[in-house]
Amino acid sequence: MHTFKTIFDQYNWDAVQARIEQCSERDVEKALHASKRSLTDFIALISPAARAYLEPMAEISHRRTKQRFGKTIQLYAPMYLSNECQNICTYCGFSLDNKIKRKTLSDKEIMQEVAALKAMGFDHVLLVTGEANYTVNILYFLNAIEQIKTQFAHISVEVQPLTTEEYILLHQAGVHSVLVYQETYHREVYKTYHPKGKKSNFDFRLDTPDRIGLSGMHKIGLGVLLGLEDWRTDSFFTALHIDYLQKEYWQSKYSVSFPRLRPAEGIIEPNFIMEDRDLLQLICAYRLWNEDLELSISTREQALFRDHIIPLGITSMSAASKTNPGGYAVDLQSLEQFETSDERTASEMAAVITRAGYEPVWKDWDKAYRH
């Protein structure tokens, strides 16, 4: 089967990194003035040379986002179903080698969490688990979705990579979108971050969005863990991946998330520091390159940054997030996957969005009109 790996193997990490570093101000200006921007333009827009052009980039990003998405910000909440995991990942609180209390929610506990989220007003939920194939597997996911599907207009999942057949089952069960992060596209160092478990298979993970695309899933979400490796090079490969997927599975929508390394149990220090202005540059670069992408920011980020980013390209935000199983109602003290930074309530976040002149959207409109 033809997959993204065919294209990926034609690129060399060091060569791409050098190409980004060598971009000139002239390259950036050419990208800013292009009517339709290519991956070459994206390289210029994420380059160090583009840091001096943050203001015009933000201005264009604001304008393009408003034209394409209107003045709306979709709100969602992650719901962690389990922290069981069979992988060792050096940056994650759920890693198998961390001696923590493991918990997987029962049907009753799932509904307690649902009730807490509904009371806050959420109509879009992101189901998240560790990667433990024996306990939190396709049967567990299908059962959980069956329990909650009448409660939410929009269900997304972020779980271990599955087979095409399993993604078809999720799609048929009512899942709207699947998020899967490569973590880093640097093949050589990927193994050092993932020394044990199924996640250590770089190619299997790389081919996951192809399997999601073949299932006919409505939306596919990609991203890297910003801070593992050079964010510019990793972001180029993410854009290359999206470019391929949009051509191959053109009926699906695409989103990008921007998780930066946050404190967690047993975590490594970030290998590369990404400053706030770097993240703003990256968000604007994605918007200038691709006006159809949904861009999402989580509560990993500080409140001040999240407030300022609202008019500059973001289309969805999480709010009031708990990153531990049962964190909303069942088991408030269970271990978090990572610490959140913005701890405001959902209603406080909605008020911030409204004050910025935007509309907080709790329900995903397109599901209702899809047929």
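This is a short tutorial chat about reading pockets, cavities, helices and strands in the predicted model above.

Me: Before we start, what should I know about the numbering and the model?

Reply: Residues are numbered from 1 along each chain as its sequence is written, and side-chain values use heavy atoms, with hydrogens and water left out. The model is predicted, so local features need pLDDT of at least 70 and side-chain atom pairs count only at pLDDT 80 or more, while totals for chains, interfaces and linings use all residues.

Me: Okay, empty space. How much space lies in the largest pocket?

Reply: General idea: rolling a probe the size of a water molecule over the atoms shows where empty space is left. The search uses a 1 Å grid over the protein atoms alone; a cavity is a set of points where a 1.4 Å probe fits but cannot get out, and a pocket is an open set with protein on both sides within 12 Å along at least five of seven lines. Grid points are joined across faces, edges and corners, and a volume is the space filled by probe spheres set on the points. Here, the largest pocket holds about 380 Å³.

Me: Which residues lie nearest the centre of that pocket?

Reply: Lining residues have an atom within 4 Å of a point. The largest pocket has 18 of them, and K36, Q246, N290, E291 and D292 lie nearest its centre. Sorted by class, the lining has 4 nonpolar, 5 polar and 9 charged residues. For the classes, Ala, Val, Leu, Ile, Met, Phe, Trp, Tyr, Cys and Pro count as nonpolar, Asp, Glu, Lys and Arg as charged, and the others, Gly among them, as polar.

Me: Which helices and strands supply that lining?

Reply: Helices (H or I, at least four residues) and strands (E, at least two) are DSSP runs, numbered from the N terminus. At least two lining residues come from each of α5 (54-69), α12 (231-248) and β6 (253-257). The largest share, 3 residues, comes from α5.

Me: Let's look at α12. What span should I expect for it?

Reply: The rule is 1.5 Å times one less than the number of residues. With 18 residues, α12 reaches 26 Å from its first C-alpha to its last, close to the 26 Å expected.

Me: And how many residues of α12 are buried?

Reply: Buried means under 20% relative accessible area, exposed means over 50%, and partly exposed is in between (1.4 Å probe, protein chains only). In α12, 14 of the 18 residues are buried, so this helix is largely enclosed by the rest of the structure.

Me: Can you give me residues from the other classes? Is E55 buried or exposed?

Reply: E55, in helix α5, counts as exposed because its relative accessibility is 65%. I7, found in helix α1 (residues 4-8), counts as partly exposed at 24%. I7 also shows how sequence and space can be compared: I7 and Y244 are 237 residues apart in sequence and 8.3 Å apart in space, C-alpha to C-alpha.

Me: Now the strands. Which strands does β1 pair with?

Reply: Two strands pair if DSSP finds at least two bridges between them. β1 (72-82) runs parallel to β9 (residues 359-361), joined by 3 bridges, with T72 opposite E359. β1 also pairs in the parallel sense with β8 (residues 316-318) over 3 bridges, where L75 stands opposite M317. Another 5 bridges join β1 to β2, again parallel, with A77 opposite V125. As for burial, 10 of the 11 residues of β1 are buried, so it is largely enclosed by the rest of the structure.

Me: Where does the chain go from β2, and what is the hand of the unit?

Reply: A crossover is right-handed if, with the strands pointing away from the viewer, the path from the first strand over the helix to the second runs clockwise. β2, helix α7 (residues 138-148) and β3 make a right-handed β-α-β unit. The chain then crosses from β3 through helix α8 (residues 164-173) to β4, and this crossover is right-handed too. In pairing terms, β2 (residues 124-129) and β3 are parallel over 5 bridges, and β3 and β4 (residues 177-179) are parallel over 2 bridges.

Me: Last one: how many cavities does the search find?

Reply: The whole structure has 5 cavities of 30 Å³ or more. The second largest holds about 150 Å³, and H124, L179, S255, S296 and S316 are the closest to its centre among its 14 lining residues.
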